[in-house]
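Got the coordinates loaded? Here is a quick walk through a few spots worth a look in the viewer.

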Amino acid sequence: MTLPNLAAWNVRGFNGPEKVNCCKQFVKSLHLDIIFLLEAKISSSSAADPWFLASHKLFHDEDSYDNFDLSNPGRIWVKWNSTAINFSPITVSSQLIHGTIFSSGTPVCDVTAVYASNSFVERQVLWNQLRSISTNISRPWTVLGDFNCCRYPTEKAGGIPLKDTNFGDFNRMIFDTALHDLSSVGYLYSWFNQRVDSPIYIKLDRVLVNDSWLANFPNSFYKVGEPFCSDHSPLILSSSAPTPHNHRFMFKNYLTSKREFCDIFLDSFAQSPKASPLYSFCQNLKNLKNKLKGQSWGNANVLKLELDSLLADQNSLLSLAHNYPHDHSIAEALHNTNLKVIDCQTSLASWTIQRAKTKWLQNGEDDLKFLYSKINIRHSYNKIKEIRTDNGSLTSHQDISNAFINHFRNLFNTQHTTQSHMAHFSPGGTVPPHLAEALVAPVTMKEIKEVIFAGPNCSAPGPDGFTFAFYKATWSTISTQIFQAINAFFNTASLPKIAKATALALVPKYPHATFIRDYRPISLCNVIYKVIAKIIANRMKEVMPYIIHNCQGGFVQNRLISDNILLASEILGDFNKCSKASYFCAKFDITKAFDMVSREFLLHRLASKGFPAKFIAWIKACITEVHFSVCINGALEGFFGSSSGLRQGCPLSPYLFSIVIDALSTSFDEAVFRQAFTGVSSGSSSITHLLYADDLLVFGKATVTNAINLQNLLHQFACSSGLYVNPSKSAILFSNGCRITSEICSILHIDKSTNPIKYLGIPIFYRKLRASDFQPLILKISNSLDGWKAKTLSLAGRVQFIKFTICSTLAYWIRGAILP
């Protein structure tokens with residue numbers, strides 16, 4: 001099924017020749033098949049004038065439809081190329097036109113063009129009409145146009161901030177109709193008030209689609225284009241090129257139950273090792289992967305076709321069985337076909353559950369419709385259609401790939417300073433002698449097995465494509481080879497490049513990801529490497545409480561994230577109780593924290609904290625000479641080395657990063673000891689800072705000397721560790737009566753905040769939080785309660801969803817703040 005080229009545009013009047021010419025050029029340049037003109041402002045007399053209608057044609061062989069009889073002046077005018085498609089209207093009102101698009105007599109999709117009223121009351125009528133239309137939809141359906149309101153506070157810049165009442169009714173309609181936002185490229189805001197003195201930008205225009213749309217048009221998206229002759233940007237709906245053929249290999253967990261798989265598997269692992277045990281094991285995996293790629297029974301698309309064929313055979317045999325109920329051959333054939341159908345359905349359900357990666361959902365086979373929807377929505381949002389760079393917009397797969405590869409090659413090869421600065425930092429806590437021996441104890445089969453069988457079956461695999469489920473299913477056969485491979489690493493501290501090769505999955509930070517910086521790189525490591533790293537991490541876990549400063553609340557046993565939030569809130573609550581001194585609370589954001597770490601600095605810190613040389617050699621083997629490929633729309637692109645950074649996704653990285661940033665905590669302690677920095681007194685103790693991973697909160701007296709020494713401390717740490725502060729994402733609060741706020745802000749290069757600052761996802765402030773401060777919580781819960789989830793989940797699935805997502809979110813906020 002091919003998606004026609006269509007667009008919707010609020011043209012703010014379609015009467016003058018300049019608007020007509022502009023729209024003609026727009027239609028011609030994009031080869032549109034159909035366009036929905038909104039706010040056309042066509043008078044009844046013009047609509048009845050044949051000359052006017054002829055002069056306002058946009059297509060050579062044009063057909064059109066409008067709602068001019070229901071609104072004055074006319075609002076919506078649909079125009080289409082009658083030689084390519086046909087549009088058949090079904091429902092018409094003053095605010096919408098709903099109909100079906102046909103191609104060669106076959107229905108393609110249902111489309112509802114919307115131009116919503118400025119009146120809140122009239123928009124309620126429109127929302128109810130859309131609810132009514134949704135009950136009769138069975139085809140792919142899109143609702144697009146100017147809704148005269150937006151969904152989230154972040155969709156408006158300038159003017160009076162939006163409140164929940166401004167978009168609550170719109171979101172409720174989307175929930176009731178089970179629609180989703182289609183992914184978009186281009187501009188975020190679709191309307192500008194054209195005022196230089198008080199500019200307002202807002203996303204009034206959007207495209208919504210249903211589940212069936214995403215299933216039938218998985219590569220579709222819309223572009224918010226240039227506004228040209230209007231104050232609204234046009235919405236251009238199109239479909240990107242299909243995913244490239246070199247889609248990366250992913251092992252399907254259901255294959256382990258296939259009889260054909262066993263022969264290929266045994267043949268691949270029967271070869272005697274020709275190199276080191278670990279390299280040979282990785283080569284066996286590679287051989288197995290290459291053999292599986294050539295098998296049709298390992299292809300999910302072939303499996304779907306097989307299931308369709310079996311269902312057709314099943315129907316035929318059922319008809320025969322009804323006509324000849326005593327024929328044993330028919331009964332036997334039906335029985336065998338039923339078994340094959342069950343096997344195919346079970347395999348497809350397993351693959352769907354694996355792709356959905358929904359850890360909270362048990363018995364996922366009961367909620368396959370929900371999982372299908374989740375997969376389609378994630379695919380729509382994660383697919384990279386266009387990237388904006390300094391050189392313009394990139395749309396081809398190759399250009400996008402090259403841009404990401406170059407970006408991450410530069411990022412992971414950041415040059416750091418020499419080792420001369422490293423000795424300036426006190427080691428802080430060191431490894432206790434009684435635990436040092438356990439760190440380098442010989443690895444055991446039990447240790448390896450526990451790590452493998454604790455691994456999640458459906459986690460995203462590394463470049464080799466194999467999952468934990470593969471290792472568990474084949475454990476009885478390859479356990480000896482796995483032990484020999486892993487034991488070889490711990491004996492030699494040598495890790496071949498193929499084992500620690502890493503795929504970078506790009507996760508968009510926002511729904512409207514436009515630039516490379518809008519994507520977060522998550523490292524997907526091979527399972528064999530994860531097992532090695534997890535064994536080391538489990539040993540490190542025991543010593544972390546002894547070597548990490550008490551101000552660090554992350555990745556250390558028996559330290560809770562809520563403790564940091566409560567302590568920060570309590571300190572801020574006492575900010576204005578002392579009239580003799582002024583204080584500040586600065587929240588610093590560290591730029592690309594994990595990606596920018598100096599590996600030399602990390603190894604130096606490990607040695608200064610007393611880790612055994614053998615253990616440090618293991619760490620060095622894991623973090624150096626790491627090569628990356630970037631996953632672009634399912635294909636692995638590039639292969640480049642790295643000299644800096646830690647991988648977000650490696651089991652070791654959280655502990656190693658804590659050791660690096662612990663140097664900052666020891667620097668604060670030394671500064672306090674030298675009386676170079678003064679923190680905030682809380683009871684009998686003085687607190688200078690709080691850390692949770694890379695989230696840094698600094699408390700201190702609001703003096704120029706304190707600010708200068710703090711800036712020097714941060715700069716010295718950054719020069720050695722590679723971890724620099726991002727001033728644009730940092731903020732500072734001051735207690736009442738502070739008269740040197742501008743001087744301190746200038747020294748620290750950060751802005752003063754007069755509103756609550758977000759710390760670990762929760763707002764904190766020196767006054768009682770207002771209900772408006774909890775808007776992010778309301779939005780998060782409302783987003784979790786999308787209507788498509790309610791419609792596709794079973795009752796048991798809904799209970800699990802509420803328990804593991806919404807309840808946990810509420811519990812986190814309740815532990816960290818007093819809800820109004």
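What follows is a short tour of domains, strands and a salt bridge in this predicted model.

## Domains and how two of them meet

The domain assignment splits the chain into domain 1 (6-239), domain 2 (548-598 + 644-769) and domain 3 (770-819). Let's look at domain 1 and domain 3, whose C-alpha centres sit 31 Å apart. On the domain 1 side 11 residues are in contact, and they meet 11 residues of domain 3.

Interface size is often quoted as the accessible area that is lost when the parts come together. For domain 1 and domain 3 the buried area is about 810 Å², with carbon and sulfur atoms giving 65% of that. What about charge pairing? There are 0 salt bridges between domain 1 and domain 3. The polar contact rule also comes up with 0 residue pairs across this interface, counting pairs with both residues at pLDDT 80 or more. On the side of domain 1 that touches domain 3, helix H5 (residues 164-177) supplies the largest share, 5 residues. By class, that side of domain 1 has 5 nonpolar, 2 polar and 4 charged residues, so charged residues are there, with the salt bridge count across to domain 3 still at 0.

## A three-stranded sheet

Next up is an open sheet of 3 strands, in the order E9-E13-E12 and with antiparallel pairing. Strand E9 (156-157) and strand E12 (191-192) are the edges, each pairing on one side only.

Zoom in on E9 and strand E13 (residues 201-202), and you'll find 2 bridges holding an antiparallel pair. Lysine 156 has isoleucine 202 in E13 as its bridge partner.

## A hairpin further along

Strand E26 (residues 689-692) and strand E27 (residues 695-701) run antiparallel, joined by 4 bridges. Together E26 and E27 make a hairpin with 2 residues between them. Tyrosine 692 stands opposite aspartate 695 in E27. If you're checking backbone torsions, look at alanine 693 in the turn, which has a positive phi of about 60°.

## A salt bridge across the chain

How many salt bridges does the rule count? The tally comes to 17. One pair to pull up is lysine 223 with glutamate 386, where the closest N and O atoms are 3.6 Å apart.

This pair links distant parts of the chain, with the two positions 163 residues apart in numbering. Lysine 223 belongs to strand E15 (residues 220-224), while glutamate 386 is in the loop between helix H11 (368-382) and strand E17 (387-389).

Note on methods:
Residues numbered from 1 in each chain as written. Predicted model: local features only at pLDDT ≥ 70, side-chain atom pairs only at ≥ 80, totals over all residues. Heavy atoms only, no water. Pairing = 2+ DSSP bridges. Domains from an automatic or database assignment. Contact = heavy atoms within 4.5 Å. Buried area = accessible area lost by both parts, 1.4 Å probe. Salt bridge = Lys/Arg side-chain N within 4 Å of Asp/Glu carboxyl O. Polar contact = N/O pair within 3.5 Å; in protein donor to acceptor, adjacent residues only side chain to side chain. Nonpolar A, V, L, I, M, F, W, Y, C, P; charged D, E, K, R; others polar.
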